[in-house]
Amino acid sequence: MSNFSTASTPISGSDCPSPSLKPLTKPVRHREKVQLSCTLCRAKKLKCDRNQPCRSCTGRGLGHSCTYVHGRPEGQRASQKPSNNIQNKINQLEGLVVSLMGTLNAKQVDTSKTAAEKIISPDYPIVEAKGDQPPAEALTETFGRITLENAEAKYVDSTHWSAILDGIAELKDHFEDSHYEVNNNQGSFPGAQEFSTHGPQLLHGLRNHATKEEILAALPERLVLDRFISKYLSSMDMSPGKRVSEAHRSTTNLDLVVIHGPTFLKQYEKFWESPSTTPIMWIGLMYCMMALAVQFQESSQIILGGLMSSSSTRPNPAENLQLQTYREKVVQCLVLGDYTKGSPFTIETLLLYFAIEHFQSSDTQVGPWILFGMIARIAMRMGYHRDPSHSPRITPFQGEMRRRAWAMILQVDLATSQQVGLPRAIRPRQADTLDPRNLIDDDFHENIVELPPSRPDSDMTPLLYIIWKNKLLFVCSEITDLAGSATLAPYSEVSRLDKMLYDVRESMPVRLQWRTQTSVITDPARVVMRRLYLDIIFHAARCNLHRRYLPLAEPNTPYINSKNLCLDSALQLLDNQSSMYEESQPGGWLFEDRWKVSSIVNHDYLLGTTILCLQLDCDLRAGQPLFLTESSADRERRKKIVQALQRSYQIWAKSSTTSREAQKAAEALEIVLGKAKRSVLAVQEEFLGVLGSLGADHTPSATMGMPFNFSK
């Protein structure tokens, strides 16, 4: 039997493999793995149902940001080879370049009439949607934003700037991952400080109760008290006997015209004659003036409101102690006088006390909003919401002062509600109180039998500003209700409100309308400041009215007008922010009164910032097809958006040491602008590579067709 063992079988030389020959092994073919999950679920490692939009993105309020690398998945695997995919991509880029060159060589549409001119032109109406209702799935952000963190539940409606930021996927993920909240005690921006979030003492309980004798004993000597009262009256533009042309100081956006200067000074003299017989509420009113006077002096140094940075942002310890002492005395007077009963001077004291609490922080706080809701209800309990002409027991003087107080209540109710992103407390149909008359304090007194007629609109009194601000805010209140509504209204209602808003602004006295900045040279600072506030209110209202329709803004639809108006108003808001910041520097017309810009105004700037961030992010997600097919006017506006956001970033970054909201705005802008810059660099690199393969004859200039640039 032959032996077939391989161990004993010799191997001939011809059977050995040659060193130059490769082993006959089957080549391994790596198959390209197709990404089926959307980009957001893949980044967050979440389960994706592969719908458009997917359930995960929809539940997180990011339906508009749900995108897929290879388009919407069809349930079939890609069968093309990698080489074919690369060739297809090259062919696509060549087609885009040819399209770009054809677009640049085409005749451009005349764009001499800018968007800003269109806004103030009567021939720029809103095109009404002929009974068409926008699809509900396109407006998923109407719910707003609710957070359940740190054992706290917080909600803001969809018009609030923090809810708008959630529409940008990168920002939502950034702030969720870092557990960033506006109300955190610690800021995450470099150089941030701790910020006090203590709420109003009247809401959190009074620790130290006091008798009337103890409250009177805490008053300083008359010489010091006289200076406080004088400081308050002059700062609030309420000095008795002051002629209209002599008033030179600007007022805050909380114009407290509820005090009649000459009458108060008479009561002040009477107080010194018999302090013990003076009503405790009037004493509380006096303590309010003292606290605000100290606050004005302190704030002019540390700059509340976040519009300027300062090398010394810490308050003077002695002045701060003095302020807190007077603030406590106000609360003691309110409690001792039982403010819920509505005795004389109650509303005036409560309104001034609200101003004290409002200026305690440069950021939005929910405490003052809750406090003001209580003030509004006490005022209605006292009948301020009904016109005094209904009651013969109310004198003409008392009736006019009640109208002034109610005008203030309406304004602050809307402003604070928008600031916290929640419904307002007062509905217009509940009240019939007329606007106050355009009078200065010297025009009437407490014994007057009949009020004089209003001064003409040419007299720039504080009340003229209040009257027209109320007319504008009346339309703004309807816009706020519509924008924050849980149900969608017909688009014709948007057109109606936009026309109302435009008509009110056009009917304002010329000196109250915002014109070119050269008017700053000739007009008093207080006039320019009021004019600027009205312009901010107008553009913020337009943003709130039209922002919801940005996702629907397609050519040849009525919603494209909403997009134009919303973006142009947002740009104007940031232009106002830049102007106010520049004029707050040493030598500017607002330098002495820079502290009077409160968190309410900053809220409108935040609104404009977030809307432009959202639009820029939307353009970046659209990618190259949008950049190649858009008009030159759209490309120019995007350039303005980037420049406006860059300027705004510098302002928010410098304000981040005194404001948590400024910190969040600066971080958001840093992320969005960084994303835009990376997108531009990627587009440039990809185009240069393809254009190089086409030859020099097809290579355009370096800046041709770029969606925007980052040059200063």
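Helices here are DSSP runs of at least four residues, numbered from the N terminus. With that in hand, let's walk through the salt bridges of this predicted model, which holds 22 of them.

A good place to start is helix H15, which spans residues 396-420 and contains both Glu400 and Arg403. These two residues sit three apart, about one turn of the helix. Their side chains form a salt bridge, with 3.3 Å between the closest N and O atoms. Are these partners buried or exposed? Both Glu400 and Arg403 are buried.

Now move on to a pair that reaches across the sequence. Arg427 and Asp481 meet through their side chains in a salt bridge, 3.1 Å from N to O. Arg427 belongs to the loop between H15 and helix H16 (462-483), while Asp481 is in helix H16, so this pair ties together parts that are 54 residues apart in sequence. How do the two partners stand in terms of accessibility? Partly exposed covers the range between 20% and 50% relative accessible area. Arg427 has a relative accessibility of 33%, so this residue counts as partly exposed. Asp481, at 29%, counts as partly exposed because its value falls within that range as well.

Another bridge to find on your screen links Arg455 with Asp459, where the closest N and O atoms are 3.0 Å apart. Asp459 has a relative accessible area of 23%, and is therefore partly exposed.

Finally, take a look at Arg222, Asp226 and Glu269. Salt bridges that share partners join these three residues into one network.

Note on methods. Residues are numbered from 1 along each chain as its sequence is written. This is a predicted model: local features need pLDDT of at least 70, side-chain atom pairs count only at pLDDT 80 or more; totals for chains, interfaces and linings use all residues. Side-chain values use heavy atoms; hydrogens and water are left out. A salt bridge is a side-chain nitrogen of Lys or Arg within 4 Å of a carboxyl oxygen of Asp or Glu. Buried means under 20% relative accessible area, exposed over 50%, partly exposed in between (1.4 Å probe, protein chains only).
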